Amino acid sequence: MTSTPAAPQGPLVGLFVTCLVDLFRPSVAFAAIKLIEAGGARVEVPRAQTCCGQPAYNSGDRQDAIAIARQVVETFERFDYVVAPSGSCAGMLRVHYPRLLAEDPNFAERAGALAAKSFELTSFLVGVLGLSKVDAAYEESVTYHDSCSSLRELHVREAPRRLLASVEGLSLVELGESEVCCGFGGAFSVKYPDISTAILDAKVRDIIGTGASTVLAGDLGCLMHIAGRLAREHAEIEVRHVAEVLAGMTENPAIAAPRQKR
Amino acid sequence: MGNGRQDFKTDAAHALADTALQKALQNVKRGFVDKRKAARAKLPEFDTLREDARAIKDHTLSHLDLYLETYERKVTESGGSVHYAPTAADARAIILKLCQEAGAKLVTKGKSMVSEEIGLNAHLQAAKIEVVETDLGEYIVQLRGERPSHIIAPVIHLNKETIEADFRRAHHRLPRERRLDQAQYLVAEARKVLREKFLAADVGITGANLLIAETGSSVIVTNEGNGDLTSTLPRMHIVIASIEKIVPTLEDAMIILRLLARSATGQEITTYTTFATGPRHDRDPDGPGAYHVVLLDNGRSEMLGNEFADMLRCIRCGACLNHCPVYGAIGGHAYGSVYPGPMGAVLTPQLQGIDRARDLPHASSFCGRCEAVCPMDIPLPDMMRTWRERDFARGNPPFSERLFLKMWAYAAKRPLLYHALANAIVLFMARRAGASGRLSRLPLATAWTGTRDLPAPQGRTFHSLYARARRKGRP
Amino acid sequence: MSAPEEARAAVLDRIRAALGVASLDRARRTAVARRLERHPRGTIPSRATRRGEERVALLTDMLTKQGADVSRVPTPKEAVGAIASYLGTCNLPPRLRMGADRVLAALPWREAWDIERSFGRAEPGDRASLSRAVVAAAETGTLFLVSGTDNPTTLSFLPEAHTILIAASDIVGSYEEAWDRVRAIYGQGMLPRTVNLISGPSRTADIEQTIVRGAHGPSRLLVLILG
């Protein structure tokens, strides 16, 4: 552990697991907990959470999105901070919940308050907890994909790179076009699969073009999308969530990788 | 033509398989994107100008009726005439009548998206008036009987071999052995062919990038100079413009013009920016004797009062198209609308109705790049989402989609049920994937697995693992 | 089709209904009138604040990048020489169309006695023309030409080669300053039939994004800065 040990009065963080991490890759959440605690905060994981509501919101089902938003506000407002290992979910809480609940006199202000203390994981570690390095090693060449929400809704770009720079043995190669979408877009990936895959292929070519052995990102949706295509194309590039590398928890198989580590 | 869902998906699939189109679309991504970036870097005040421009438009739109009245008064004072057209049909009828009153047999046209929106050319041609597009790109799509595929670069989807073939077919009287294998020869031929039309035209019709209330002027921007030959040589100049094009003053116009070309093509300014005010003055040796402006509503006034009002700030620069990964993958024709890309995804449902155009706001990953580059700060993804809400409220999504969403929402609102179901599902999927770590086939998921493997879940949900760890005393 | 008055009323009424305002709202009318009268300026790029020789250099640089040929001529005699030699460079016969512009008429044309000058609007056979700009904005190398007998608009578009004369003292930094000059000539809220802002020769990139000169307007533009 490199930073101050958790003081008894350290801020209390509610971990917003995200539905994808919950279902597909719990190791990401465990890594997030480890990192937040290393930064001197305490973490709790309320059970009464399922999803941030994006599937409903982006499908035009505003009513269900509002209902879920209320649920999240109620569950998380008691914490000092809410942290999600996902730019899109953090963006939902920070940017969209206040809009969704603007007309609700019982929730409008509470949504605003929650938004102000909700963060994507790496920006929380660097921006709030003041972490500038992590205690981890990863001897690989790595490229980093910025999710659209992280980049454009939350303006997160430097935080993950700052922390990755401190990972021993890791060399970072930037993508030619890190600002371009990977084509996931939630339900878009299955509603318009041809277009989604075409966009994905451009991202995959970019990733392969960096020569990196690993691609990281802060959003599991993007990562599953990228990993799914790399696997289908038999490209030998490992795909992981940035939290796993930063927490030094890379013993699990990478995303879409077989159980024996190659 | 955009008759519904089937057309978009089919057209998009064709576009994805069209290797020539895919190659041409690289020009959009490499060219316009990089050039805009460079132009912005050369102008430190770029982002401040965007704030100015937004404020100008917001002020104007909230006083639109008064600025239109002022504009109309100034046009009339300068010897021109203003005609209000509530609908596309009104606009077509007005313009046809003006052309017929002028005894027009030949009409030249400057590039005008609004004229495409109202289907003007076909209407005039049905009345036996020859209509010739003079913007080179528009001329080419006219020869091909196509729509432009981009609001700024109409033939970005074509390569020069295709254009050569079009010219040989259309200009069949010219010597067969002539060279047309380079862009310069094609341009030289177009110049010659169209010069005859410019000189012979009875009426010239242009759009307007801006209308200026202070002086009663219409503004067009071109690089070719075709708009000027169209508006100067014939005896009548007709401007067709939608009502939201108006700005108060010359200063306001220049603020917007500082952003337009830079956002569109990365140029500092277009070669020609022309301010036309009324017909020629008595002693002018050239210029049209008559000047008419047709102000089109066609849904704009409705937008002023609904959630899409911000869209009225659009200056038609095309930056959103250039930066959109969906447009970059399928090009403009697949949208089945005069207006493609993100701005088209917002505007087309207003013009065609959401039932007909529902694919457009749905076919977006909401990456947000359009909004990020829009010089007028238009929240395009939010408005696409609003269309999705309207679409959902009308019950348009397929039954299976609505059912799946309802079931999902039902569970998502009930954490205990959700967690139990989630555990079961991921266990099933993990078992099915086995040691491979991935699923290349999965019932109900063929839309994904058609082109991508699905990474296998780790086997248990986080919540169940966390609860187990806590029971064992680990934090 | 609606009658004109009905159509006008329909559109304006719909706008007012959408905005939730009344036609006779005094405050709104005053706001509009005031803004038109004041015509406030927005952000002016800092590059437009360069003065003197720096400003001329900016104009020259912009125009050159946009494909124009630019020449500084200290005296009217050299201006005439530059025009003659430009016609030669463009491989054009020594024939020039121009308007009634007095400054252009007063150039020492005897110094280029073989140039055959004709006057008035451009004719289809004209291959070269000469105009004068009333003002130019250095910020993007943009020349302002106004219609009328002095410099007919067609001179700027029909011939292959166009020469525009601009006095160095008529070069300002920003578009805003340029429009103030135009306003000083024509009065507030009034403009001639055409004001052309010209920033280079005609071009198109429509074919495979390849830039080609002379799409419909002049393929060559010479800007002569006099003084």
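**Domain layout, chain contact and a kinked helix**

In this predicted model, the centres of domain 1 and domain 2 of chain B, taken over C-alpha atoms, are separated by 55 Å. The domain assignment places domain 1 of chain B at residues 43-298. Domain 2 of chain B covers residues 399-471.

Chain A is also divided into two parts, domain 1 (12-127) and domain 2 (141-246). Their C-alpha centres lie 22 Å apart. The contact between these domains takes 29 residues from domain 1 of chain A and 22 residues from domain 2 of chain A. On the domain 1 side, α1, α2, α3, α5 (87-100) and α7 (121-127) of chain A each supply at least two residues. The residues of that side divide into 14 nonpolar, 12 polar and three charged.

One of these contributors, α5(A), was examined further. It has 14 residues, which at 1.5 Å a residue should span 20 Å. The end C-alpha atoms of α5(A) are 18 Å apart, which agrees with that expectation. The helix α5(A) nevertheless holds a kink of about 35 degrees, centred on A:Leu93. Of the 14 residues of α5(A), 12 are buried, so the helix is largely enclosed by the rest of the structure. A:Leu93, at the centre of the kink, is itself among the buried residues. The stretch before A:Leu93 contributes A:Gly87, A:Ser88, A:Cys89, A:Ala90, A:Gly91 and A:Met92 to the buried set. The remaining buried residues are A:Arg94, A:His96, A:Tyr97, A:Pro98 and A:Leu100.

Chain A also touches chain B. This contact takes 58 residues from chain A and 49 residues from chain B. On the chain A side, at least two residues each come from α1 (19-24), α2 (26-38), α3 (54-58), α4 (62-76), α8 (148-153), α10 (188-191), α11 (193-210) and α12 (220-232). The largest share, seven residues, comes from α12(A). By residue class, the chain A side divides into 32 nonpolar, 13 polar and 13 charged. Helices α1, α2 and α3 of chain A thus appear in the side facing chain B and also in the side of domain 1 that touches domain 2 of chain A.

Chain C contains six helices and 12 strands. Its C-alpha atoms fill a box of roughly 65 × 45 × 40 Å along the principal axes. Buried residues make up 49% of the 227 residues in chain C. Among contacts in chain C between residues at least 6 apart in sequence, 74% join residues at least 24 apart.

Technical notes
Residues numbered from 1 in each chain as written. Chains lettered and ligands numbered in written order. Predicted model: local features only at pLDDT ≥ 70, side-chain atom pairs only at ≥ 80, totals over all residues. Contact = placed C-beta atoms within 7 Å. Helix = DSSP H or I, 4+ residues; strand = E, 2+ residues; numbered from the N terminus. Nonpolar A, V, L, I, M, F, W, Y, C, P; charged D, E, K, R; others polar. Domains from an automatic or database assignment. Expected span 1.5 Å × (residues − 1). Bend = angle between axes of the 7 residues up to and from the residue. Buried ≥ 20, exposed ≤ 12 C-beta atoms within 10 Å, placed from the backbone.
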